[in-house]
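Reader: Hi! I'm new to reading protein models, and I'd love a close look at one helix and what surrounds it. Could you walk me through it slowly?

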Amino acid sequence: MTQPSQPTAIITGTTSGVGLYAAHALLKRGWHTVLACRNVPKMEREAARLSFPTGQYTILPVDLGSLANVRQFIAEFRALGRPLDALVCNAAVYLPLLKAPARSPDGYEISVATNHLGHFLLATSLLPDLQRTATRPPRLVTLGTVTANSEEFGGKVPIPAPADLGELQGLEAG
């Protein structure tokens, strides 16, 4: 397989926020960017709105809450035949107002499945691809941006008061 001279990055959660603008920044620097997202039509609209250069990005659907879907994404990425120079694990769900846990197709609580297990499977599975890059030191970046600001979510939605962890009695009971 011929190695493209253009570096390749996968970024999860590219339809808005940090993921979208990280993709935009890498595209401006000449990277081929794989836009990994749940909502392909929204990603297409954002790519058009920000004038992403045609041919310099690939949109691939992924639902990080489904381990089978993460595996499918990995197969689709590998079918592109591109090296992997950077993986940016950015996507997250944040559902602080749920009254009962939501579950992933695999039965895990949806935040744990999406924000942690899906990214863990993605990163560990693609680590060999990162290690094979011949043109530059590979990068694996994990972000936690949704809850970084305890006062607001992206400047748009007020976040409920920070979690009350009490006295952590559950840790002492074990």
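Author: Here is a walk around helix α2, followed by a look at the rest of the chain.

Keep in mind that this is a predicted model. The average pLDDT over the chain is 85, and 80% of the residues reach at least 70. One stretch to treat with care is residues 148-152, where the pLDDT is below 50; in the model this stretch has 6 contacts beyond its near neighbours in sequence. Where pLDDT is low, the predicted coordinates should not be read in detail.

Now to the helix. α2 runs over residues 40-49, and M43, E46 and A47 are buried in it. Looking down the axis of α2, you would find its buried residues within an arc of 100°, so they line one face of the helix. A general rule helps here: an α-helix has 3.6 residues a turn, so residues three or four places apart point the same way. On the face of α2 turned away from the buried side sit R45 and A48, which are exposed.

What lies over the buried residues of α2? The cover includes helix α1 (17-28) and the strands β2 (32-37) and β3 (57-61).

The two ends of the helix are worth a look as well. At the start of α2, N39 brings a side-chain oxygen to within 3.0 Å of the backbone nitrogen of K42. Just after α2, S51 has a positive phi of about 55°.

Stepping back, we come to the nonpolar cores. The largest one has 20 residues, and those touching the most other members are I10, V70, F73, F77, L87, L122 and L126. At least two residues of this core come from each of β2, α3 (67-79), β4 (86-89) and α4 (110-131). Apart from this core lies another, of 15 residues, among them I11, L20, L26 and W31. Back in the largest core, L126 has contacts with I10, I74, F77, R78, L84 and L87, leaving aside residues up to four places away in sequence.

Finally, try finding L143, in the loop between β5 (139-142) and β6 (152-153). L143 counts as partly exposed because its relative accessible area is 32%, while C89 counts as buried because its value is 2%. These two residues are 54 apart along the chain, yet their C-alpha atoms are separated by 6.2 Å. Beyond residues up to four places away in sequence, L143 touches V18, V88, C89 and N90. As for disulfides, a search of the whole structure finds 0.

Notes: Residues are numbered from 1 along each chain as its sequence is written. Side-chain values use heavy atoms; hydrogens and water are left out. A disulfide is a pair of cysteine sulfur atoms within 2.5 Å. Buried means under 20% relative accessible area, exposed over 50%, partly exposed in between (1.4 Å probe, protein chains only). pLDDT is the predictor's confidence in each residue, from 0 to 100. Contact means heavy atoms within 4.5 Å. Helices (H or I, at least four residues) and strands (E, at least two) are DSSP runs, numbered from the N terminus. The arc is that of the directions from the helix axis to the C-beta atoms. A polar contact is a pair of N or O atoms within 3.5 Å; within protein, one must be able to donate a hydrogen and the other to accept it, and residues adjacent in sequence count only if both atoms are side-chain atoms. A nonpolar core is a set of buried Ala, Val, Leu, Ile, Met, Phe, Trp, Tyr and Cys residues joined through side-chain atoms within 4.5 Å.
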